[in-house]
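This report concerns the enclosed spaces inside a protein and one of its sheets. Please consult the sequence and the structure shown below while reading.

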Amino acid sequence: MKQLFLFLLLMLGSISYSLAQKSIKGIVTDPNGQAIIGVNIIADGAPKIGAITDIDGKFNLQLPNKVQSLTFNFLGYETKTINLSDGVDDIKIILEESTKLIDEVMVIGYGSTSKRNLTDNVAKLTSENISNIAVSNFQNTMSGKAAGVRINQTNGKVEGGINVRIRGTSSLSQATEPLYVLDGMPLINQNESSNGAVMNPLLSLSSSEIESIDILKDASSAAIYGARGANGVVLITTKKGKVGKTNVSLNISSGISSPTNVIKVLNAAQYKELFTEAAINSLGEDAGKAEAEGFFDFVSNGTDWRNGAVDTDWGKVAFKDGSQSDMDLSISGGDAKTQYFFGGTLNKTKGIILGNDLQRLSARMNLKHQLSFKISAGMNLGISKTIIDRVANDNEFVTPSSSIEQSPLSPALNEDGTPNPNTLYPNFLLEDRYADFTTNLHRITGKVFAEYNIIQNLKFNSDLGYDLSNQTENQYRGRLTPFMATNGFAYNSNAKSENYIWSNYFTYNKEINKTSLLTVVAGQEFSNSDRIFNSVSGVQFPSDDFKSISSAAEITQGKGSNERYNFLSYFARASFMLQDKYFVKASIRRDGSSRFGANQRYGVFPAMSVGWLVSEESFLKDFNTISLLKVRASYGQLGNSEIGNFASKSLYNGVSYNRGSGIRLTQPGNNDLTWEKSKQLDLGIEFGLFKDRISSELDFYSKRTDGLLFNVPLPGSSGQLGINKNIGEVENKGIELVLNSKNITSKNFEWTTNLNISNNTNKIISLPNNNADIIFFTALYRVGHAAPTFYLPEYAGVDPNNGDALYYTDGKGSETTANYSEVKPVLAGNTQPTWIGGLTNEVSYKGLALSFTFVGEWGASIYNAFGKFTSSNGDFFGNQTVNQLNRWQKVGDITEVPQARLYGGNGNAISTRYLQKADFIRLRNVMLSYDIPSSILGKVKIRNARIYLSGVNLLTFTEYDGFDPESRADANSLGSNYGIDYESAPQAKTTSIGLNINF
């Protein structure tokens, strides 16, 4: 009886429960009928009940009868709410793509936010902005696409260093590069090149594995990185798996490249004409002809120069057509519990410079798994190997680009095909044939992470990141290379840098009501970096068949060092949204570092920002013309900790004294040495018109950096040359404008435009030694002026009466003189541009799409340091640029090129004669693509496919007559810091064709 009663009770309960429930199923698609996977579905009035769509876009829900509506939400689409009708249990939902810029997700330190809630200045690039661009490094893909961010490759070498400046230069003597953070892991970014030429240490990262790049430009956004954020922060997010069907993506491309420009020099006939004239002008008719012909006999290497037997174009010898091929394959997907991404890339680049090639192989694995309702965990792992065949730095005789100075009368090769050793300057082909210089870069980056949802709205994250950079360099110079007197020379080095970082932080999200949200992040972080360097050199090899250092009869030098530094940090950030239109954010970070003096080991870096979404106010809510109006302001303090590991320490070296061992002080310590500090104010306004058909951002910033690190001279009685101190201050002020427009939007045709332009004014506020000028070669650091400014004697042209070069004695407007010793240098130009900009257009018609980006720089000057050799109106027998034919020849000639005088030094002294404007506009990249129709692809079970034609640096507009207005000397940072061109190789222009397929 009891059992029967219990059975009836359970049955009645089940009936009662089923009567109180209703079953709803359906499918969610985009306007084209494609299923959308992973849509969040929330039952209004029952927030704990919901679902996500499966791989077919379908869902099934059991709902209480009281639920009358469902809300569908998915990133990139408009949120949609539908009312449930009685008797309807199968529904179809179509989500429209969102056109609101404020819905874009922005990655920030230790979290993310929406563009709507953002109170900082952050520039975002997606994989669509940087993919399929034929360059060997990911930084170049960002060029021209973020306001206030200047990106230049030092020169056209495949491994050439990258100079990235965010809102100007904030340090005069220390690092100016931004902090790169990969999936939360700060990356090692130290140049380990040993041949004097700067190399890009981030070559190992392929753009094909990047999902997005967020550039933190103002103090409020970067302050969460404290002592390392003064130069800006670049957050790189790699590709992850997404819920849905497995996607296999294959991308293959191949292209050819050539120099953007090769300097035009004299051919054999012009060369003989100019130098014969120059010799006669200096030595007289007979002696001059004898001098010239004697030299022609020497450099012609036994060939008949009188009858034009040889006319070598050394530019064509040094530069060649290069090639680039890329292949990347990825597999990604997942379900509600596990998401995965596996990818691999292969890049082969044959450079435009003879002997300069690169090959990179990389792989990536990203996994995430939901272990339980509260715990998720995962890992990111990237590995790569890069092999680079390298050439000498720009300041070496044997670098290929300097061969344009060789006489065209000299054959490059002997009749037997071996390099000709009898040339004016050492023949770089001897180095190319009988020497090797190979760099191997192995990189491992990884992170394991876990997330624990403690209670509703509160979660805890623990991330352990790891970065290993292992770079080896192997050089061998055979006995036939120039200047070789030791039967061969070998150099081997190994630089191993290892960094790990452990981050632990809590995140609290509390939705106070539907229009107010509080988010708090607080945590602790520890990082440790180790670097080990070893090198060895040897000479006297039995033959050039033995290139290993172990075959050297004599070891001439060995070096080694072991370095370590670490950071201990605490950070917190709170942001509050009120009434869906008022925003406040504050952050603070306390960093401690072993790099700094014992009295200044810790620093605090606070920041605050506010925002007001004016367009949500009642007085604008119904004003249809303005779809978005937002104002924001931020202020904060950041630090630059990249001052080296031992700048604050007392350093000693072991020495030998009277056959005994001893130690010697090499650097006095400073216990008060600390980081350079930047304080920055940012004021911005964002607006959208006509449903964001036109949108814009306008920002003003002021950034002042004090405590600049300088080596201050000490009295001679101290026994030391100087001591490191925090003395000096520099200021950057500027404006940034971003303008986006959807020019045409229709079903089949779209045309969008993005313009960004920015101005930066740099000024030195104070310097050490009572603001004394600091002069380095052609550069001057002076209070009240940009850092640095060119400081040169002013060239005044040519005396039309006698062909003498003239100079102003004290700048333009003063007296002129032909006596160089009477001339004073003057401020002559800026080493950095005052305006930079980028213009991107994207046009699509059905499956056909065209996109292109122009970049430009204005206001900088460039000093052609090799002009005194190649544009010296025949001062020495090195070949000359063709404009030297415009030399003064008779009384009354008006020209800028003095009379040709061999050995005469007529106008080739350091002066503004070799200073030119570096303004340029360049077609950075262009792509024409076609999406193959799905009606064709469906037959072979291909999801989508695209064929494309792309180009890089195809057009350049400039008045600079050197190799390239972007290239700078790669030796000893002369170029990037001081604006000097040392016959630096031009950038490559590349055209490639590719195919992208998704299965």
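A cavity is a set of grid points where a 1.4 Å probe fits but cannot get out, and its lining residues have an atom within 4 Å of a point. The model examined here is predicted.

**Cavities**

The count comes to seven cavities of 30 Å³ or more. The two largest are set side by side in the table.

| Cavity | Volume | Lining residues by class |
|---|---|---|
| Largest | about 290 Å³ | six nonpolar, 14 polar, four charged |
| Second largest | about 200 Å³ | three nonpolar, 11 polar, three charged |

In the largest cavity, 24 residues form the lining, and A134, V135, S136, Q153 and A988 lie nearest its centre. At least two lining residues come from each of the strands β11 (149-153), β19 (338-350) and β53 (988-998).

The second largest cavity encloses about 200 Å³ of space. Its lining consists of 17 residues, of which R150, R167, G168, N760 and P833 are the closest to its centre. Strand β37 (residues 749-766) gives the most to this lining, with four residues.

**A sheet of four strands**

Strands of a sheet pair through backbone hydrogen bonds, either parallel or antiparallel. In this model, one open sheet of four strands follows the order β3-β2-β5-β6, and its pairing is antiparallel. Strands β3 (50-52) and β6 (80-83) each have a single partner strand, so one side of each is left without a neighbour in the sheet. On average, neighbouring strands of this sheet are turned by 20° against each other, direction ignored.

Within the sheet, β2 (residues 40-43) and β5 (residues 69-73) pair in the antiparallel sense over four bridges. N40 stands opposite N73 in β5.

How values were computed: Residues numbered from 1 in each chain as written. Predicted model: local features only at pLDDT ≥ 70, side-chain atom pairs only at ≥ 80, totals over all residues. Heavy atoms only, no water. 1 Å grid on protein atoms, 1.4 Å probe; cavity = no way out; pocket = protein on both sides within 12 Å on 5 of 7 lines; lining within 4 Å. Points joined across faces, edges and corners; volume = space filled by probe spheres on them. Nonpolar A, V, L, I, M, F, W, Y, C, P; charged D, E, K, R; others polar. Pairing = 2+ DSSP bridges. Axes fitted to C-alpha atoms, helices over the stretch in contact; angles between N-to-C directions.
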